[in-house]
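Open the model in your viewer and keep the selection panel at hand. The stops below say what to select and what is there.

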Amino acid sequence: MKLSHLLAAAALAASFAGAAIADGHGKTKVGFVYVGPVGDGGWTYEHDKGRLAVEKEFGDSVETVFVESVPEGPDSERVMTQMALGGADLIFTTSFGYMNPTINVASKFPDVKFEHATGYKRADNVSTYSARFYEGRAIQGHIAGNMTKSNIVGYIGSYPIPEVIRGINSAYIHAAKVNPDVEFKIIWAYTWFDPAKEADAAKVLIEQGADVILQHTDSTAPQAAAQEAGNVVTFGQASDMGQYAPFPRVSSIIDDWAPYYIARTKAVMDGTWESIDTWDGIGAGMVGIGEISDAVPADVKAEALALKAAIADGSYHAFTGPLKKQDGSDWLADGETADDGTLAGMSFYVEGIEGDIPQ
Amino acid sequence: MDLSAINPILLIAAMIAASTPILLAAIGELVVERAGVLNLGVEGMMITGAVCGFIIAVNTGSPLVGFIAAALGGALLSFLFAFLTQVTLANQVASGLALTLFGLGLSALMGQSYVGIKPPQMVDTQMGFLSDIPIFGPIIFGHNIIIYLGLLIVAGTWATLKFTRAGLVLRAVGENHDAAHALGYKVKRIRTLAILFGGACAGLGGAYISLIRVPQWTEGMTAGVGWIALALVVFASWKPWRVLLGAYLFGGITQVQLNLQAAGVVFPVSSIGITIIIICVIIASWNLIFAKKKSRQYYFWLLFLSIAGVFFTIFFQGATVPFKVEYLAMSPYLMTIIVLVILSADKSRAPGSLGRAFHASQ
Amino acid sequence: MIQLELRPQPSATMAYATPILAVVLTMIFGGLLFALLGKDPLQAIITIFWEPIFGEHSFYYRPQLLVKGAPLVLIAVGLAVGFKAGIWNIGAEGQYIVGAICAAAMGLAFYPTESIFIFPLMVLAGAFGGLVWAMIPGVLKVKFGTNEILVSLMLVYVAEQLLASVSLGLLKNPEGFGFPGSRNLQQYASAHNTEIIANTGMHWGVVAALIAVIFSHVLFTRHRLGFAIRVTGEAPRAARFGGVNPSQIILFCLGMSGVLAGLAGMFEVAGPAGQISIDFNVGYGFTAIIVAFLGRLNPIGIVFASLLMALTYIGGDIAQSQLGLPAAAIQVFQGMLLFFLLALDLLTNYRLRISNVERKS
């Protein structure tokens, strides 16, 4: 294979660049591949904040590059290769759909480190990382269960994938714990990004009686819809959405990639980088809980903060038995906690949630 | 989990609100196409309007000024299209697509520093006691002023096209530009004005999304509405009132879809048949009452379809399938195709010169 | 006052000169834009146009031009056939998706059996999928006179929903931990659309694109059908008097563009993309419409137009990461390029004349 020879040569050149760093002469170059535009105000926006944090942390000893709105598939493979050829030492690929391209490119550049977000395929020079957003959902669920008067909680999901299903289950378990009468109405938007549709979905949920809206889509459209309705509680998603605080937005889940990105960049600089699988939550600071506003009663707020602390120090797991699956079959025995494998591929509702997961 | 969770009054009111951006963009494009020009750049003009309106509204604090800016922004971008197609005689399909690409990029550049900002809020028009009338109150009154503006534009377009000399000239230019030119009408000037009007309307539609419906600015936030508006014009067979009807249908199906999901309704297969029957009946009665006479064959087809619908309904009575969101999301598009086929016996057709370049020396 | 005068014959010189002029103008205005954004304009232009072809890493980018350009050529050649006849298939994106779904389904149906027959069967399935999707507007137009622009466009959205549906259901990788998306066809030897000669970017899709170009060229220069298609587009009534069956032309043109778009989807899913996923389609079907016009509906022209578009995509990505240009600036730049190419096309068919006499009207 001639190509691999050439690429190996290029990779060799890249490793020379790496050698230069070891001597303290060069900058560490970190690349970021984004699936959306930096201006999406959500998923990509937060990753880019992480990139800026890396720049701020290391100043002149680091150089970051990024390419935005890269379609998943061959285009992303080309962009990654281009970054590797351009001398990047570490490349973060920030969407699930980049999984196979990342593995492909990584095999051609053994000396470049890759970090793939939300995937499950690793290699010697490919790590994976993801956030335990469901931990944040537990806190939201707790507040939602307490705050709802109609006992109807609306939930806007993107696509029926394990990540989203996990969030719904976690929120429901903790809402039902404080309010056994609570009912979840779930709308699948079937889009990652369509603010108008998110607004519509929120309005529909409100019209059907929901007075708390949880969203797994990134725009502020549901916040605005709730504000218009006047008495509906929402939570920020991906970013704090503080412009809607203190009401309707009473708290938020914030994607905070900065600590991880800084740590991994540091590892490359120190030569201590290893392929790992990171799944961090509130404890490690990857999942941030936005300030709980005063619209939440003081006792509920105190409970929520206690829950947050318990999750953070590991004394409590968001999926702790006894829990049953939707069909009534046993899942977790009393005190048993869910294993990461089951959580990663979660494709069932827990008992109490009505409706079917679209197949 | 049942249908009773859905409030029909709120549903209709929501349908009206949701269809406004499509309606505005489509009525503008209708005028453009009636003048014989096919502008596929609606999406680009909408998103430009969305960002212009947002920027100005944030800076002036007035959503209304924002809407004016959006109309201007959309018109300005469409001027580029007018120049390309009317002066340099470039191909309209390609120019329109390029306009969309350009508009998406330009709007993203312009809006870079406006991500995550909340725009000034537009208050709903206060209609006093009118909004309190049961049923009709929430449906007809108590909307945003832009929604009424949209209806006004539809009515104005209809009246202008039908009753005024300007409308006649516009249609003449669209039907046969050579003949219109021979009669001394300035084909290019008229078409340019139509294109600018289309751009302004698309801009308004875009600003409705960024200032009222969502309201926020994010790149690419129109998410394909412009394409639907384009489809709607053909769906409406270039008639203003049908644009209104079609906009409610397009906007409405998404609303119904979301409502059904939230209520957790399972999908009764027989409803497909019932839908077909209802559509046939509506079309037949519409034609019998309002439109000119149709051929016997036309009604035969409607009857045939209705009977097929009845059989379908009986055969699948009681059968339900798990709720498939993808299929419901497809349904507006499939319905458009079905309705198009049914309407095809209708004699209304595209303007004669649609999409063709005009040069006086030809 | 400047007046336009129709040339008796399109100018051959201008046909070659205008694209170059357009690129130069785009460089100037694009450079201004980049300067406004605070970037070195010269460096940006060099990065976009020079780097991929002659730069340090061009050994990698040159093959990528083929990978990116091949689907555009395949789809645009098919579309151009219809456009010449005045048949506006703007739903190639949908035909591309359905072709890919059918091909992937065919391949995965045999998984994990290895056989040399699987790949050809997938090619057939891809072509069939595109054909069926294009025949819907075709048959409806012939039978009922419905507008093919609208029907084909609507079917794009239907196809996108279908894609989401199979990614989450029917074709979902059973070993994918519940994540959406099919198995990776790159790891299924019998189904993988590999590079024929390593290091060149030459996969079977590039070969198919070349065959399509030659076929289309012969069709229009040597074959009666090509003539009939042209006449139908330029003078429909004359064509009918000349014994051309319009229904046949409609079905042929839509069918041909559907087959080619379906094939493009097939080669993409089996090769560079590797799997069916929710976001599998990236707009080749729409870009190809522009490409068809930039190439003046001429198969050879389309090849050049596709390569130019591919160049701006690849160069644009390089400029993003090397110079920190936002993706939006690249989009605006591409838009400008298209505008100039389209506008200057005028000079091919018309002559500018400066006259002193103001026209009376």
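## Two helices in chain B

Helices α2(B) and α10(B) are oblique to each other, a class for angles that are not under 35 degrees (roughly parallel), not over 145 (roughly antiparallel) and not 65 to 115 (roughly perpendicular). Select residues 42-60 of chain B for α2(B); its axis and that of α10(B) come within 7 Å and cross at roughly 130 degrees. Axes are lines fitted to C-alpha atoms, for helices over the stretch in contact, and angles run from 0 to 180 degrees between N-to-C directions. Helices (H or I, at least four residues) and strands (E, at least two) are DSSP runs, numbered from the N terminus.

The crossing of α2(B) and α10(B) is right-handed, that is, the near helix is turned clockwise from the far one by less than a right angle; anticlockwise would be left-handed. Show side chains for B:Val42, B:Glu43 and B:Met46 on α2(B), and for B:Val225, B:Gly226, B:Trp227, B:Ala229 and B:Leu230 on α10(B): these residues make the contact. Two residues are in contact if their C-beta atoms, placed from the backbone, lie within 7 Å. By class, six residues of this contact are nonpolar, one is polar and one is charged. Ala, Val, Leu, Ile, Met, Phe, Trp, Tyr, Cys and Pro count as nonpolar, Asp, Glu, Lys and Arg as charged, and the others, Gly among them, as polar.

Next, select B:Ala223, in the loop between α9 (187-213) and α10 of chain B. Its phi is near 45 degrees, a positive value in a residue other than glycine.

## Numbering and confidence

Residues are numbered from 1 along each chain as its sequence is written, while chains are lettered from A and ligands numbered from 1 in the order in which they are written. The model is predicted: local features need pLDDT of at least 70, side-chain atom pairs count only at pLDDT 80 or more, and totals for chains, interfaces and linings use all residues.

Colour chain A by pLDDT, the predictor's confidence in each residue, from 0 to 100. Chain A averages 88, and 93% of the residues score at least 70. Where in chain A is confidence lowest, and where highest? The lowest mean, 45, belongs to helix α1 (residues 2-22) of chain A, and the highest, 96, to strand β3 (residues 90-93) of chain A. Residues 1-6 of chain A have pLDDT below 50, and this stretch has eight contacts in the model beyond near neighbours in sequence. Residues 11-25 of chain A are also below 50, with 19 such contacts. Where pLDDT is low, the predicted coordinates should not be read in detail.

## Two sheets in chain A

Select the strands β2-β1-β3-β4-β5-β11 of chain A: in that order, these six form an open sheet with parallel pairing. Two strands pair if DSSP finds at least two bridges between them. The edges are β2 (62-67) and β11 (277-280) of chain A, each pairing on one side only. The twist averages 20 degrees from one strand to the next.

Zoom in on β3(A) and β4(A) (residues 113-117), which run parallel and are joined by four bridges. A:Ile91 stands opposite A:Phe114 of β4(A). Now add helix α4 (residues 99-108) of chain A, which packs on the sheet and touches β3, β4 and β5 (126-131) of chain A, at about 175 degrees to the direction of β4(A).

The second selection is β7-β6-β8-β9-β10-β12 of chain A, six strands that form an open sheet in this order with mixed pairing. Its edge strands are β7 (183-188) and β12 (287-290) of chain A. Six bridges join β6(A) (residues 152-157) to β7(A), and the two run parallel. A:Ile156 has A:Ile187 as its bridge partner in β7(A).

Pick A:Pro248 in the loop between β9 and β10 of chain A. The peptide bond from A:Phe247 to A:Pro248 is cis, with omega near 10 degrees.

## Between the chains

Show chains A and B together: 31 residues of chain A and 37 residues of chain B take part in the contact. On the chain A side, α7(A) gives the largest share, nine residues. That side divides into 15 nonpolar, eight polar and eight charged residues.

Finish with chains B and C, where 36 residues of chain B are in contact with 37 residues of chain C. The largest share of the chain B side, twelve residues, comes from α4(B). This side has 25 nonpolar residues, ten polar and one charged.
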